[in-house]
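Please open the model in your viewer and keep the sequence panel beside it. The tour below moves from one selection to the next and says what is to be found at each stop.

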Amino acid sequence: MSAAVVETYNSASAAQSPRAPLHYAAAALICAVTTALAFPLAQLFDPPNIVMLFLLAVVVIAVWLGRGPAIMSAFLSVALFDFFFVPPTFSFTVHDVQYVFTFAVMLVVALVIGYLTASVKEQAQDAYAREKRTAALYGMARELAGTTTAAQAAAVVRRFIADAVGASAAVFLRGADGKVHPVEVAGANVLSKFDAPLVDLALSSGGPVEVDFNAYLPLVASARVQGVLAVAYELAQAPYMPQHRDLLAAVAALAAIVAERIVAENAQASREILE
């Protein structure tokens, strides 16, 4: 239902992923290949025309590898252009002062192009992530609409969070005694991952509580706080990331509405039995 959300949400932390060094290495390789391709053309074109190839390389790197590698490639491209194509070649010495201006313009243009191109890519990724999140939440809302018991609703929420953010989840609902009690779900033995005092704190404060790899979100409905949604990340998994907060808040809001409906339906059924 929501596995497609995982990649789009976690992509926001790509700069911190183990693959990030490979991106910089790939950017350096692209610059080297660009230099190799441009070297024979130096016999046919003036050095300023070779600059266009390096700017094209920066654009490719920004689209493919992101902002950081693009910025690095901008500086590297200027250095390679100076070393291989500006007389005297194979030296960073510049005899013609005009080339200093060329370097400055080349660097500024490369940085601007790389930054803007990477920004457009990130905006497209964000839009794609929002689209996937909306579709996934809509699918979960349809499933929740068909639930008639708290256990069924908790199972839907637990499965969604496991697919969407790779975390364990449990639902605690307020009972007639005013205290929260865990909703038992078949095959879900995750209650030991959560602290009862933090569940109570989220319930009483009406606001989210985040501790280490756990998050506790109150199920705030129209009448009162119906319970708490507890989410726990494994140490081996991705930690609780800021970009998950909005998604989990939306899940908690939907769960609160369903919990309020189920409580109202159960109360109505109890009254009908008594009558």
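What follows is a walk through a predicted model, beginning with the whole chain and then turning to single residues and pairs.

**The whole chain**

Show the chain as a cartoon and colour it by secondary structure, and you should find eight helices and five strands, which follow one another along the sequence in the pattern α-α-α-α-α-α-β-β-α-β-β-β-α. Of the 275 residues, 39% count as buried. If you switch on a surface, its accessible area comes to about 14800 Å², with 64% of that belonging to carbon and sulfur atoms. A contact map adds a further view, since among contacts between residues at least 6 apart in sequence, 62% join residues at least 24 apart.

**The aromatic cluster**

Next, select Phe39, Phe54, Phe81, Phe83, Phe84, Phe85, Phe90, Phe92, Tyr99 and Phe103, and show their side chains, which form one aromatic cluster. The count for the model comes to 14 aromatic pairs. Begin with Phe54 and Phe81, whose ring centres lie 6.4 Å apart with the planes at 75°, so that the pair is edge-to-face. This pair links distant parts of the chain, because Phe54 belongs to helix 3 (residues 47–65) and Phe81 to helix 4, 27 residues apart. Both rings are covered: Phe54 counts as buried at 1% relative accessibility, and Phe81 is buried with a relative accessible area of 0%.

Keep Phe81 selected and add Phe103, with which Phe81 forms another edge-to-face pair, 6.1 Å from centre to centre and with 85° between the planes. Since Phe81 lies in helix 4 and Phe103 in helix 5, this pair ties together parts that are 22 residues apart in sequence. Phe103 also counts as buried, at 11% relative accessibility.

**A buried acid and the loop beside its helix**

Which side chain of opposite charge is nearest to Asp82, and how far away is it? Select Asp82 in helix 4, and then Arg67, which is that nearest partner at 26 Å; Asp82 is buried yet has no salt bridge. Apart from neighbours within four places in sequence, Asp82 is in contact with Ser91, Phe92, Val94 and Phe103.

Now move to the loop between helix 4 (67–85) and helix 5, where Pro88 is found. The peptide bond from Pro87 to Pro88 is cis, with omega near -10°. The same loop between helix 4 and helix 5 holds Phe90, whose phi is near 60°, a positive value in a residue other than glycine. Both details merit a check in a backbone torsion plot, because most residues other than glycine have a negative phi and most peptide bonds are trans. Phe90 is partly exposed, with a relative accessible area of 48%.

**Salt bridges**

The count for the model comes to four salt bridges, and three can be visited here in turn. Select Glu122 and Arg67, which form a salt bridge whose closest N and O atoms are 3.2 Å apart. Glu122 is in helix 5 and Arg67 in helix 4, 55 residues apart, and the pair thus links distant parts of the chain. Glu122 counts as partly exposed at 30% relative accessibility, as does Arg67 with a relative accessible area of 24%.

Then take Arg159 and Glu143, whose side chains meet at 2.5 Å, N to O. Arg159 lies in helix 6 (residues 150–165) and Glu143 in helix 5, so this pair ties together parts that are 16 residues apart in sequence.

Finally, select Arg261 and Glu265, where the closest N and O atoms of the salt bridge are 3.3 Å apart. Being four residues apart in helix 8 (residues 245–274), these two are separated by about one helical turn.

**A strand residue and a surface patch**

Go on to Ala232 in strand 5 (residues 225–232), which counts as buried at 3% relative accessibility. Ala232 and Ala167 are 65 residues apart in sequence, while their C-alpha atoms are 5.6 Å apart in space. Leaving aside neighbours within four places, the contacts of Ala232 are with Ala167, Ser168, Lys193, Phe194, Phe213 and Asn214.

For the last stop, return to the surface view and select Val108, Val112, Tyr115 and Leu116, which make a nonpolar surface patch of about 370 Å². Val108 lies in helix 5 (residues 98–145).

How values were computed
Residues numbered from 1 in each chain as written. Predicted model: local features only at pLDDT ≥ 70, side-chain atom pairs only at ≥ 80, totals over all residues. Heavy atoms only, no water. Patch = residues over 30% accessible without salt bridge, like charges linked within 9 Å, V, L, I, M, F, W, Y side chains within 5 Å. Areas by Shrake-Rupley, 256 points an atom, 1.4 Å probe, with all protein chains shown as cover. Buried < 20%, exposed > 50% of the residue type's maximum accessible area, 1.4 Å probe, protein only. Lys, Arg positive; Asp, Glu negative; His and termini not counted. Contact = heavy atoms within 4.5 Å. Phe/Tyr/Trp six-rings, centres within 6.5 Å; stacked < 30°, edge-to-face > 60°.
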